[in-house]
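Please read the following report alongside the sequence and the coordinates. It takes up record annotation, confidence and one part of the surface in turn.

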Amino acid sequence: MSTSTVDAKRGPRGDAFKNRVSGLPTPVKVVLWVLFAVFLFALPLLNIPFITTADSDFGGVLFTVATYVLVALGLNIVVGYAGLLDLGYVGFYAVGAYTVGVLSSEHANIPWLWTVPIAIVVAMVSGIVLGAPTLRVRGDYLAIVTLGFGEIVRLTLVNSQWLGGQQGISNIPRPPGAELFEVPSLSWDTGVPVVDLDATTTFLKFGIGDFIPYYWLALVVIALVLVFDILVKNSRVGRAWEATREDEDAAELMGVPTFRFKLLAFSLGAAIGGLSGALFAGKAGFINPQSFELLLSILFLAAVVVGGQGNRWGVVLGAIVVSYFPERFREFADFRVLVFGLALMLLAIFRPQGLIPPRRSRRVKKADERQAALEEGEVHA
């Protein structure tokens with residue numbers, strides 16, 4: 001087989017489409033991104049028939065999806081960029097939520113907005129406290145330690161009356177807002193979209209019955225975290241994480257202080273987890289230990305693995321798959337866990353690198369296929 005034949009087989013259609021989009025003029029790409037952002041903000045108002053969840057409040061479901069996306073982005077820093085297996089990430093999620101609850105309702109009356117940066121700092125410090133003595137171990141040992149951390153946090157919440165105990169913390173204040181104007185939604189009852197002036201959302205009113213403003217707030221936070229993620233990943237820090245993930249010993253020999261960069265990844269991931277927990281507490285208004293069980297950690301990790309660890313857009317897609325589809329097909333509640341498990345098995349068999357694997361994984365796979373094709377051609381020759 002000739003080299004030209006191998007090159008012809010190398011590029012899939014997805015890469016061709018991506019290259020075509022990348023070649024568009026910058027103003028066109030900016031317009032496309034703006035249109036996509038407008039669509040995301042308008043999504044809970046459009047009530048698209050196949051997408052809207054009939055058995056659950058669509059705005060609330062979208063907020064849940066947004067929190068999963070935010071958590072997946074934070075966990076991707078730990079698992080995807082630095083290569084650290086964290087099974088107790090829900091602990092940082094709980095630290096952020098309880099920091100907000102304690103400071104705004106249980107033992108003080110600090111406004112919600114002021115408690116958010118404190119929750120981020122507390123979660124980051126907890127990541128440093130956990131990571132400093134444990135990040136010198138690797139692989140399964142690190143996974144066991146982080147799993148224990150998640151359970152320790154939950155049991156501490158259950159047994160500490162100062163933190164509300166089993167009853168949890170209630171009356172957590174909402175994010176600050178303002179009743180600016182009403183935004184109508186669409187109705188599809190007649191089969192065609194019609195503006196429904198009876199179903200409106202008050203812009204920036206964070207109340208109890210309408211969760212769409214919380215979703216909008218989460219979208220803004222996700223956009224900020226994505227910008228931060230891109231800047232960090234493309235910096236010297238991101239290259240150090242990649243070197244540590246691929247071969248920690250070789251990175252050490254090349255002068256990379258791997259422990260310091262692993263601790264940085266752990267603390268940054270914990271900070272984003274705490275931020276997501278703060279958003280959850282502000283929307284729920286009530287938290288208790290049952291909100292932070294081990295299953296959440298498994299789902300968070302599943303979102304990263306399903307989407308493609310190391311690829312920020314992949315983990316966003318993975319978070320949507322893990323959090324949205326169980327709500328969309330709630331009518332199959334007795335079978336959705338079984339279907340979800342089978343889907344994960346099929347993904348592990350046919351797409352082990354995730355739905356959208358990182359670019360480096362695709363390059364390695366193409367190189368292996370090309371090498372195998374060349375070797376096969378030499379054998380036949």
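At which residues does UniProt place the feature "transmembrane region"? The unreviewed UniProt entry gives this feature at residues 30–48, 60–81, 87–105, 112–135, 214–232, 263–282, 294–325 and 337–356. Two of these spans can be set beside the coordinates of the model, which is predicted, as in the table.

| Span | Helix | Strand | Distance between end C-alpha atoms |
|---|---|---|---|
| residues 30–48 | 89% helix | 0% strand | 25 Å |
| residues 263–282 | 100% helix | 0% strand | 29 Å |

As for confidence, the protein averages a pLDDT of 84, and 88% of the residues score at least 70. Confidence is highest in helix α8 (residues 212–233), at a mean of 94, and lowest in helix α1 (residues 3–10), at a mean of 42. Over residues 1–11 the pLDDT stays under 50, and for this stretch the model has eleven contacts beyond four places in sequence. Where pLDDT is low, the predicted coordinates should not be read in detail.

On the surface, Trp 33, Phe 36, Phe 39, Ile 230, Trp 313, Leu 317, Leu 355 and Ile 356 make a nonpolar patch of about 690 Å². The elements that contribute two or more residues to this patch are α3 (26–46) and α13 (312–328), and α3 gives the most, with three residues. Trp 313, one of the patch residues, lies in helix α13; this residue counts as partly exposed because its relative accessibility is 38%, a value that falls between the 20% limit for buried and the 50% limit for exposed.

Note on methods:
Residues are numbered from 1 along each chain as its sequence is written. This is a predicted model: local features need pLDDT of at least 70, side-chain atom pairs count only at pLDDT 80 or more; totals for chains, interfaces and linings use all residues. Side-chain values use heavy atoms; hydrogens and water are left out. pLDDT is the predictor's confidence in each residue, from 0 to 100. Helices (H or I, at least four residues) and strands (E, at least two) are DSSP runs, numbered from the N terminus. Contact means heavy atoms within 4.5 Å. UniProt positions are given in the numbering used here, feature names are shortened, and annotations may be inferred rather than shown by experiment. Patches are made of residues with over 30% relative accessible area and no salt bridge: like charges are joined within 9 Å, nonpolar side chains (Val, Leu, Ile, Met, Phe, Trp, Tyr) within 5 Å. Accessible areas come from the Shrake-Rupley method with a 1.4 Å probe; for residues, only the protein chains shown count as cover. A salt bridge is a side-chain nitrogen of Lys or Arg within 4 Å of a carboxyl oxygen of Asp or Glu. Buried means under 20% relative accessible area, exposed over 50%, partly exposed in between (1.4 Å probe, protein chains only).
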